[in-house]
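User: Please go through this model with me, taking the contacts between chains and then the sheets.

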Amino acid sequence: MLLGLGITFVAFVLTELLPGDPAAANLGQRAIGDPAAVQAFREHYGLDKPLPVQYAVYLQHLVHGDLGESEQSHRPVLTDLREYVPATAELAVTSIIIAFALGIALGILAAVRRNKFTDQLLRVVSLSGISMPTFWLALVAIYVFFFKLGWVPGSERLDPGTFAPPHVTGLYTVDALLSGQTDVFTNAVQHLILPAFVLAAYNIGLLTRFTRSAVLEVINNDYIQAARAKGLPERTVVLRHVLRAALPPIITVGGLAFANVMTGTVLVEKIFAWPGIGNYAFLSATTLDLPAIMGVSLFVAIVYIVVNFVVDVLYGVIDPRVRVG
Amino acid sequence: MGRSAVNPTLLEVRKLRIHLPTASGMSTVVDGVDFEVRRGEVFGIAGESGSGKTMSVLALLGLLPDGAVVEGSAKYDGIELLGLKGPSMREIRGAEIAMVFQDPMTSLHPMLSVERQLTEHVRYHLGVSARQARIRAAQLLREVRIPDPESALGGYPHQFSGGMRQRIAIAIALACNPKLLIADEPTTALDVTVQAGVLRLLDRLRVEAGLSVVMITHDLGVMSSIAEWLTVMYAGRVVESGRTADVLARPRHPYTAGLLAALPHPEAPAETALRAIKGAPPSPLARPAGCAFHPRCDYARPSCSTSVPALVPIGEGRTLACPVDPLIA
Amino acid sequence: MTVQQLPAPARFRISLRRRPGTIASAWRQPLAIAGMVLAGVWIFIAVFVPFLAPYDPLHQTDLLLAPPTAAHLFGTDELGRDVFSRVLWGSRLSIPIAFFLVVGAVVIGGTLGALAGYFGGVVEEVVMRAADLVFAFPTIILAMAVTAALGPSLQNAVLALLIVFWPSYARVVRGLVVSLKQADYVSATRLLGSSSRRALMVDVLPNVAGPVLVLATLDVGNAVLLLAGLSFLGLGSPPPFAEWGSMVNVGTQYFERWWMGTFPGFAILSVVLAFNFLGDSLRDALDPRSSWGGQQ
């Protein structure tokens, strides 16, 4: 709570203190020369009032769910967010799922084959994953898989001419399934694959490394040997006993992974013309659209808080020793 | 009066040698060990840490660390255990031969429920349904005297005391009705007051189930209370064996005598000094030539440093690896 | 009653003895060697590029958008400039800046962290809350906002990244200072005389240097990545400078001319990889428990 307030405060102060006139950024060359237009702009957005007043006004609006109006789109920021969040959510969630599934699997593989060739290879692969410029990977991926091979589409959420399914959640995949439009569903999935994988690359590398070390911490514990002594097949021992015990530190990475995804969406959405928050954040930052910046920052902060909360809850689910009572 | 009488042999270990890889090459942690366990009897292996007792039994279940080299033979019910392939080994583990480890704090999985840990191998080995396994699990908990078994099933190891955890571990080990139970220092991590209860439990269960038990411990007091037959190991070799009562009352090997003498006597006067065996046990990499104990032995002769003493029967079911044999009463 | 000079607590001595051996062993690992070689190559390029690049990176020719040939190893871009030369020259931009960035972050973050740890109280609260706030923002959004507001230029991008990087070091250094302070109080009665205090410094510095060095090495890679990212978004150095990120940006517009975007990206990848290899090996060497190194 305090952190959230702090964030709004900092964002506000930052955007105010930084040199650069939002009016100039938003009105364009011609309008700047016209004092009346500038004045109208300022009045509309309350930029002519003293700073603390502006902040108080903002907070007041916030409490009422009013995030202000975007200088750029001339719509309430809340509306903007509502439109763009589902797109990013769909991408982010898909990406996280891919990253965790692949990362954990590879991490286990590397741990079980410790110091053998597979392990060394995976070490290089995972280091490459975290060294790759996301935007470059996106470019190469589009070139190879779309341009040359034609396996998947290279941009946007649906083929031009395909209409979005009836809006329930805003997630095209879910909505398409809900209304039984399997062809739309397939199309949406096709469009998701490439950007989701590109976005996941860094996290796959990260998770492989974390999983490997978590598994190695656990694998020599007595209870693992006891499980083997019971005659259980190695697969069961690894997947049920070892993985379970190694999960807590891996879950911790979940928060970090989300942060990476947030960062990555800015680049990925731009390249894939994905109409999401990342794109919106970029536009608002470059045009100094203050309400929009504040809105995005606030949204991201809330997502962090929620994710951290979920991680804490998951801890309790996985490790009974952590539960209260 | 030998053991060859009525009781058939369940486990026969001959010339067991185990070499482990270390930073400075292979080290021989078990160097030619022989022993037998019969049906329904409690067989004790005594020795300090590093004597190779744990490794010997781990070899039986194929649980040695990677890179270990094993020689010799270990026949369980006619089946050769050493070198047994995966699927066959898994059939033996838990179902025929089960193990209870030393520290119940670490040998039970902290994140899996008691029920899960009691039933997973039962379902795997015996193919029973979840419901049946659960009923059996509750029954097992009752047998090991865990109060309120039904709710204990839903609990987790950290919610139980050390003694109770070890009882749960014993229940887990016995869940598939194995014929042989290996208990590696089962009471060492427990309070003295709790030890007796666990030992009584083990004794009762093995009588009821006709179970054979291999009891590993360095605690001679525990050994005397539960084991019928005893083998004393030192530095990877057997130095003496026989009926526990005999060996402990009339030890023939200087090491055994030293161990016994080191025990504080409850009725000795308060100022009696504790008598330790001089020196320290050798590391497997630096085992003395000849008899491994000779540097610490009060009765050592020149020949002791050159030839490894053979384990020879000396009557009454006893064997001894000491040509000097200085302690004949 | 005489006061005796007791020897320094054993653990300090152990850590001192461990240090030289472990850093030296890092160099022998194949990954570290690969990293060093790669980093060395790039640093060499950055220094000697005027002699290595066949063409002037800013020189425009009529040979527009030409695919790679013998004359132009990486082809030419939309203004007829030799991509190979531009890639080589890019190292002069990215690498020194990344270094400068990391050194700056270490100095600023380290100092703030040390002050926070040493003085505690209000100072610590302020510094740590500031660090938390920075951590709470996704890196790129913060960087974008700062750069956009200040105007797209290399200096501003660097400033933005400085803001983003310093908290990690502040945290690490503060943590270490705090634990040392506690050690101080615990051994207060045993640490008598200035020579012990000096021994403490000799022990302290290596203890601090280790984790900071690992973090810094890895951050050089991160810095290059982020800088390129910002340039890609148009927030870094404006054209016509040969900056890798902006080159990839242009490359996305001339999509079928794959050479324009791919090679600069490869350059970024290889530099970052080099420093990640190095950092990873360093971390293994300094933390024997860390899993990717050592025998077990």
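The questions and answers below concern a predicted model.

User: Which element gives the largest share of the side of chain A that touches chain B?
Analyst: In this contact, 19 residues of chain A meet 23 residues of chain B. Two helices of chain A, H10 (222–229) and H11 (234–272), each supply at least two residues of that side. The largest share amounts to seven residues and belongs to H10(A).

User: How many residues of the side of chain A that touches chain B are charged?
Analyst: The residues on that side of chain A fall into three classes. Nine are nonpolar and four are polar, and the charged ones number six.

User: Which helix supplies the largest share of the side of chain C that touches chain A?
Analyst: Here 35 residues of chain C are in contact with 40 residues of chain A. The elements of chain C giving two or more residues are H4 (121–136), H5 (139–150), H7 (194–232), H8 (244–253) and H9 (258–286). By class, that side of chain C has 23 nonpolar, 10 polar and two charged residues. With 11 residues, the largest share comes from H9(C).

User: Is Val313(A) buried or exposed?
Analyst: Val313(A) lies in helix H13 (residues 290–318) of chain A. A residue is exposed if 12 or fewer other C-beta atoms lie within 10 Å of its own. Val313(A) has 10 such neighbours inside 10 Å, so it counts as exposed.

User: What distance separates the C-alpha atoms of Val313(A) and Arg323(A)?
Analyst: Val313(A) belongs to helix H13 of chain A. Arg323(A) is 10 residues apart from Val313(A) along the chain, and their C-alpha atoms are separated by 9.1 Å.

User: Which residue in E2(B) stands opposite Pro21(B)?
Analyst: An open antiparallel sheet of four strands in chain B has the order E2-E1-E4-E5. Its edge strands, E2 (25–38) and E5 (79–80), each pair on one side only. Strand E1 (residues 9–22) pairs with E2(B) in the antiparallel sense over 11 bridges. Opposite Pro21(B), in E2(B), stands Met26(B).

User: Why is one side of E6 and of E11 of chain B left without a neighbour in the sheet?
Analyst: Eight strands of chain B form an open sheet of mixed pairing, ordered E6-E7-E8-E3-E9-E10-E12-E11. Its neighbouring strands are turned by 20° against each other on average, direction ignored. E6 (97–100) and E11 (312–315) are left open on one side because they stand at the edges, each with a single partner strand.

User: Which residue in E8(B) is the bridge partner of Ala183(B)?
Analyst: Strand E7 (residues 180–184) and strand E8 (residues 212–217) of chain B run parallel and are joined by five bridges. In E8(B), the partner of Ala183(B) is Met215(B).

Methods: Residues numbered from 1 in each chain as written. Chains lettered and ligands numbered in written order. Predicted model: local features only at pLDDT ≥ 70, side-chain atom pairs only at ≥ 80, totals over all residues. Contact = placed C-beta atoms within 7 Å. Nonpolar A, V, L, I, M, F, W, Y, C, P; charged D, E, K, R; others polar. Buried ≥ 20, exposed ≤ 12 C-beta atoms within 10 Å, placed from the backbone. Pairing = 2+ DSSP bridges. Axes fitted to C-alpha atoms, helices over the stretch in contact; angles between N-to-C directions.
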